[in-house]
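Trainee: I'd like to learn how to read a model like this one, feature by feature. Can you walk me through it?

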Amino acid sequence: MNKRTLFGPAIIALSFLMGAPGAQAQCSGGLCLLNNCPWYNHIADSTFSNGCSNWEYQGTAGVTTSNMCGWTSNPVGYLSRNTYASGGVIRQPFITSSSYLDVYSFEYFIETTNMQAGDVVNVYIVDASTSPSQWYLVDTITTNVSCSKRTHSFTNPGWKGHSMHVRFEGTFASTSTKAHIDYVSFWQKTN
Ligand SMILES: [Ca+2]
């Protein structure tokens with residue numbers, strides 16, 4: 001066997017590993033990376049690092065960098081307000097698997113600054129497969145929190161194979177009030 005026949009498949013395998021699957025994983029969900037971890041994360045770009053269009057922004061919302069949770073220049077989702085819009089929305093739609101279990105865990109980190117009376121961040125899980133859509137309010141934040149990890153677990157809510165989205169909605173009185181969101185995961189148990 002000469003070098004060419006050895007190198008050909010090796011280079012194809014290498015470019016396959018480094019190319020397409022990586023790019024695909026950036027803007028789609030994925031299995032838990034730990035060995036034998038029986039969970040699938042439906043949220044693409046959980047860390048807001050890849051600019052994926054899966055994330056949708058309305059009003060005064062988008063991606064910025066912060067030192068949230070001790071990481072400098074960390075890309076995070078932000079909610080704020082301006083003169084005209086009293087807040088903003090960050091949302092991501094996805095479709096749950098009908099072959100995985102009807103067991104879920106919704107996780108995220110949130111940080112708020114300059115929260116005053118009347119300011120609020122509401123966090124929802126929305127099931128758009130029902131008519132009308134079913135909105136589940138899972139969190140209401142009205143005070144300043146720092147690098148706060150939130151976990152919401154659901155067993156047998158009837159969400160298998162459903163069109164759903166997670167939604168972070170901020171309503172603020174002051175333009176200096178902000179909420180930062182990072183590490184968003186919506187896990188579905190695979191077995
Ligand atoms: Ca991040």
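Mentor: Let's begin with strand pairing, bearing in mind that this is a predicted model. As a general idea, strands of a sheet pair through backbone hydrogen bonds, either parallel or antiparallel. Here β6 and β11 are joined by 9 bridges in the antiparallel sense. For one concrete pair, find Q92: its bridge partner in β11 is V166.

Trainee: Which strand pairs with β3, and over how many bridges?

Mentor: That's β6, residues 87-95, with 4 bridges, again antiparallel. Look for E56, which stands opposite R91 in β6.

Trainee: And what joins β8 to β11?

Mentor: There you get 8 bridges between β8 (residues 120-127) and β11 (residues 163-171), and the two strands run antiparallel. A pair to click on is D127 with its bridge partner M164 in β11.

Trainee: In what order do the strands of the sheet line up?

Mentor: Reading across, you go β3-β6-β11-β8-β9, which makes an open sheet of 5 strands with antiparallel pairing. The edges are β3 (56-59) and β9 (134-141), each of which pairs on one side only. On average, neighbouring strands in this sheet are turned by 20° against each other, ignoring direction.

Trainee: How many helices and strands does the protein chain have?

Mentor: The protein chain has 2 helices and 12 strands. Starting from the N terminus, the elements run α-α-β-β-β-β-β-β-β-β-β-β-β-β. Contacts tell you about the fold too: among those in the protein chain with a separation of 6 or more, 75% are between residues 24 or more positions apart.

Trainee: Let's talk about the inside. What should I expect of nonpolar side chains?

Mentor: In soluble globular proteins, they tend to be buried together. In this model, 27% of the 191 residues of the protein chain count as buried. The largest nonpolar core has 27 residues, and L79, V121 and I181 are the ones that touch the most other members. Two or more residues come from each of β5 (74-79), β7 (103-113), β8, β11 and β12 (178-189). The biggest contribution is from β12, with 5 residues.

Trainee: What does V121 touch?

Mentor: Not counting residues up to four places away in sequence, V121 touches L79, I110, T112, I141, F168, E169, G170 and A179.

Trainee: Now V123. Is V123 buried or exposed?

Mentor: V123 counts as buried, because 24 C-beta neighbours sit inside 10 Å and the cut-off for buried is 20 or more. V123 is in strand β8. Setting aside neighbours within four places in sequence, V123 is in contact with V138, D139 and F168. You can also check a distance across the chain: V123 and I90 are 33 residues apart in sequence, and their C-alpha atoms are separated by 9.7 Å.

Trainee: Next, the backbone oddities. Where should I look for a cis peptide bond?

Mentor: Go to the bond joining S131 and P132, where omega is about -5°. P132 lies in the loop between β8 and β9.

Trainee: Which residue in the loop between β2 and β3 should I check for a positive phi?

Mentor: Try D45, where phi is near 55°, a positive value in a residue other than glycine. D45 is found in the loop between β2 (39-41) and β3. D45 is buried, because 22 other C-beta atoms lie within 10 Å.

Mentor: Then go to C147, which has a positive phi of about 45° although it is not a glycine. C147 lies in the loop between β9 and β10 (148-155). C147 is partly exposed, with 15 other C-beta atoms within 10 Å.

Trainee: Back to the loop between β2 and β3: what is N50 in contact with?

Mentor: Leaving out neighbours within four places in sequence, N50 is in contact with Q26, C27 and D45. N50 sits in the loop between β2 and β3 and is partly exposed, with 15 other C-beta atoms within 10 Å. For a last distance, N50 and P75 are 25 residues apart along the chain, and their C-alpha atoms are separated by 9.1 Å.

Notes
Residues are numbered from 1 along each chain as its sequence is written. This is a predicted model: local features need pLDDT of at least 70, side-chain atom pairs count only at pLDDT 80 or more; totals for chains, interfaces and linings use all residues. Two strands pair if DSSP finds at least two bridges between them. Axes are lines fitted to C-alpha atoms, for helices over the stretch in contact, and angles run from 0 to 180 degrees between N-to-C directions. A residue is buried if 20 or more other C-beta atoms lie within 10 Å of its own, exposed if 12 or fewer, and partly exposed in between; C-beta atoms are placed from the backbone. Two residues are in contact if their C-beta atoms, placed from the backbone, lie within 7 Å. A nonpolar core is a set of buried Ala, Val, Leu, Ile, Met, Phe, Trp, Tyr and Cys residues joined through C-beta atoms within 7 Å.
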